[in-house]
Amino acid sequence: MLEWLGAGSLMTAAGIFSIHMIREHRKKLLELEAFFDMISCIRDNIEHLMKPLPDIFQNYTHTYLESCGFLMNVRKTNLQQAWETYVFSCGAEAFRLIDEFIRNIGKGYRTEELRLCEYTLGRLRKLMDHVQADTANQLKLYKTVPMMFALSLILILI
């Protein structure tokens, strides 16, 4: 009886871990898409309307960035302080890229700002394409590996 309880606990823990990993992967993709959209909006506003950053963020909305409170914080303080306040799980390379963008945006002339936006958007697009291409394989791994590991432990221990 105790073995079955332990086996059930292991399978439940593996299922919970699997669900957690799938959610984290989807969250990473959502964050990449959200920041891509934000930087694209910044670029468009600088290029076509020549708006300063605070004015851009007064009108900009994005469902994910609003729901986590990031945009509300940007409107209260500024982009860099809001970035330093929140922790995002978009991946190390994307984090460095977005961090570099946020630290440098608003410090140059229009052409330099547009070049920074284009560079960042190009790199983010490559990262998003890579993550999207790997999504199917990653989700399969997240579904099967924890369960196989739990079943292996059950077989070894019983």
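Colleague: Which residues lie nearest the centre of the largest pocket?
Modeller: This is a predicted model. Its largest pocket has a volume of about 230 Å³. The lining counts 15 residues. Nearest the centre lie Leu53, Pro54, Asn78, Leu79 and Gln80.

Colleague: Which helix gives the most to the lining of the largest pocket?
Modeller: At least two lining residues come from each of H2, H4, H5 and H6. By kind, the lining splits into seven nonpolar, five polar and three charged residues. The top contributor, with four residues, is H2.

Colleague: Which helix supplies the largest share of the largest nonpolar core?
Modeller: That core has 38 residues. Among the members touching the most others are Met38, Phe57 and Phe70. Helices H1 to H7 each give two or more residues. The largest share, 10 residues, is from H1.

Colleague: What does phenylalanine 70 contact, leaving aside its neighbours within four places in sequence?
Modeller: Phe70 is one of the core members that touch the most others. It starts helix H4 (70–76). Its contacts beyond those neighbours are Phe35, Met38, Leu65, Leu79, Ala82, Trp83, Tyr86 and Phe88.

Colleague: Against which helices do the buried residues of H6 pack?
Modeller: H6 has 13 residues and reaches 18 Å, close to the 18 Å expected. Its buried residues are Ala94, Leu97, Ile98, Asp99, Phe101 and Ile102. They pack against H1, H5 and H7.

Colleague: Which glycine with positive phi follows H6?
Modeller: H6 spans 92–104. The residue in question has a phi near 90°. It is glycine 106.

Notes
Residues are numbered from 1 along each chain as its sequence is written. This is a predicted model: local features need pLDDT of at least 70, side-chain atom pairs count only at pLDDT 80 or more; totals for chains, interfaces and linings use all residues. Side-chain values use heavy atoms; hydrogens and water are left out. A nonpolar core is a set of buried Ala, Val, Leu, Ile, Met, Phe, Trp, Tyr and Cys residues joined through side-chain atoms within 4.5 Å. Buried means under 20% relative accessible area, exposed over 50%, partly exposed in between (1.4 Å probe, protein chains only). Contact means heavy atoms within 4.5 Å. On a 1 Å grid over the protein atoms alone, a cavity is a set of points where a 1.4 Å probe fits but cannot get out, and a pocket is an open set with protein on both sides within 12 Å along at least five of seven lines; lining residues have an atom within 4 Å of a point. Grid points are joined across faces, edges and corners, and a volume is the space filled by probe spheres set on the points. Ala, Val, Leu, Ile, Met, Phe, Trp, Tyr, Cys and Pro count as nonpolar, Asp, Glu, Lys and Arg as charged, and the others, Gly among them, as polar. The expected span of a helix is 1.5 Å times one less than its number of residues.
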